[in-house]
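Here are some notes to read alongside the structure, written for someone meeting it for the first time. Please keep the view open while going through the points.

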Amino acid sequence: MATRGPGVSEAWHQEQAKSLLQYDHAMDAAWHYIHAQKWHQLAELLKRRSLELASHPEHSALSQLLRRSITDTCSKVAVTLGESFTWSCIGDSAKELHCLQLALRAAETIRTPEKPFWLGKAMYALGYFFNARDPDQAISHLEASAQQFLLSSQQSSCDDLCQSQNGYVAVLATLAFVQLRRSSPQGTVLLHAADMAAAECKHLEVDAEGMLLKAQAEHARCNDNIEDAIRYRQQALVLYQRAGDLKEVAESHNNLGQLLVVAGRIDEARRYCNQVVDMAKVLSVRPETLLSAHGGLALAAMTIGEHEVAISHLHRVLRISEEAGLSRHRLTGLINLAEVHYLRFRSLGVAYDEQAGDLYTEQSRSLAIQLGLPQLENRAQSLKQATLNPQTAVHHLLPVETSAHPGEFAKIEALRAELALPRPPTQRARTHIALSQLYLRIAAKERDAARSLMQTHGLSDLESELEALQQTWAHDGNLASQLNQRWREQVGDWLTEAQRKAVLARLLEEGSLSKSSYGEAAEVSPATASKHLGLLADKGLLEQQGRGPATRYVLPSAAASSGGAPAAPPVH
């Protein structure tokens, strides 16, 4: 990489960078931006042209030069976040995460009013990183990012307000997308909030508008509006093409390919996915993007009965996901591989395919349990029957509980929608209390229905069970009091009284704690939450269950089985 010559002006370097970008010379443009010290333009270049820069022989030299050149903290955050995109394209998740953590630490040291904005940017990038690896961490970082962008909006001048609003729209749209992918109704609430926030923004930047289009496409797909989903994805593709963002262009091709398969437009689907595979031969395409392309090609082949082609692509999905440490993508590949073997068994009746399907089903079920994804575990469990007996009826009636208690569940649904939004802790705590009251009301109705039947039919032999129910109600309050006293004695001063009560309330409500739920209750960072949970486990106040992203912390069995409770709901 060349050095700056004497007497060469910064303005000249900036003009050279703009000229070179017109001819797609991204690396040369990056060098000129460095010497012009136009750090925010450089950060945008690193993000938009990450594929070309990651594939360039001088990428490592560029990375080293960046570390030595920047002194301003805000610029350092921006450029380090930009650099993370290049490592993402290379598939080096360790260096990508290192850049993101460096950016967050730098943002925490900012002493100007810009601090919330850059904290929001860093937390958003971490949330995006963890989306394919640890959904709980992803949501925790994204919700924290939303709070920072809101704070930034309140503190910003008119000139900076639009940037903060764009950040907030992008975060809400990403949260909506993540929740929709998990089939959570919270996704719809978040998407509506993102739409409202976008309407208040004078100008939507590429990131915010693109993420909003992705979330709208996912919402349409979840509601079986495939043509609308395709339309939104095509709009996103055009947006990214105009911005010159090849990374997002490749991902848009993949998503369009998969939607077109569902629409029965197989040739178009293959064309989009094959463009990504071809791109990966000459550029450093992200592993997630490449395996998604092979997944789309497998889906296209499955749809028209080309089972052998589908199996070939799915084995590539397994290999790429294992090499890149992408467990959720590997899980999807295992489920699809089981399905295609069952499909071929149904078609040809070869016993090997049934055995292979059973093997991949068991592997996918085990991985779903390990990752703490019950919906995908259930899908794997029912896959064989659903594939070999496609006539199995699908019901779209209201859930039984909703129809039994319509008034309470209508309120519960509204409160759950409130919890889906990134609100202040006090407001979220009040919402949880309101939910508890509604569930107690439902419990009281069910108990009274049982008591009425017992009196009408003389079922005195059930009195002991009813008494046990009363004891269960009575148990929780005394247990909370006992736990609070024990934790106060053993925890020391690294948890305040308010933090301790909030954590215990969350634990007793949900039955277990994850790193993200602890961090949310105690209002601490994911790293601090992990440290606290380890200390609580060491002191015997909690027990660890599971490993990796599926790790949960529960009360020790002795503590959970002793103690006494709030007053039960009154008998009516």
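1. This is a predicted model, and a good place to begin is the contact between two of its helices. Ala 250, Glu 251, Asn 254, Gln 258 and Val 261 in α14 meet a set of residues in α16, namely Thr 289, Ser 292, Ala 293, Gly 296, Leu 299, Ala 300 and Thr 303. Sorted by character, the residues of this contact comprise five nonpolar, six polar and one charged.

2. The geometry of this pair can be followed on the backbone, where the axes of α14 (residues 246-262) and α16 (residues 287-303) come within 9 Å and cross at roughly 15°. Because angles under 35 degrees count as roughly parallel, α14 is roughly parallel to α16. The crossing of the two helices, α14 and α16, is left-handed.

3. Please look next at Gln 179, which belongs to helix α10, a helix covering residues 158-181. Its relative accessibility is 8%, and since buried means under 20%, Gln 179 counts as buried. Leaving aside residues up to four places away in sequence, Gln 179 touches Ile 139, Ser 184, Gln 186, Gly 187 and Leu 190.

4. Helix α23 (residues 425-457) allows a check on length: at 1.5 Å a residue, its 33 residues should span 48 Å, and the C-alpha atoms at its ends are 48 Å apart, so the two values agree. The buried residues of α23 include Leu 435, Leu 438 and Ile 442, and also Arg 428, Arg 447 and Asp 448. After α23 comes Gly 458, which has a positive phi, near 60°.

Conventions. Residues numbered from 1 in each chain as written. Predicted model: local features only at pLDDT ≥ 70, side-chain atom pairs only at ≥ 80, totals over all residues. Heavy atoms only, no water. Axes fitted to C-alpha atoms, helices over the stretch in contact; angles between N-to-C directions. Helix = DSSP H or I, 4+ residues; strand = E, 2+ residues; numbered from the N terminus. Parallel < 35°, antiparallel > 145°, perpendicular 65-115°, else oblique. Left-handed = near helix turned anticlockwise from the far one by under 90°. Contact = heavy atoms within 4.5 Å. Nonpolar A, V, L, I, M, F, W, Y, C, P; charged D, E, K, R; others polar. Buried < 20%, exposed > 50% of the residue type's maximum accessible area, 1.4 Å probe, protein only. Expected span 1.5 Å × (residues − 1).
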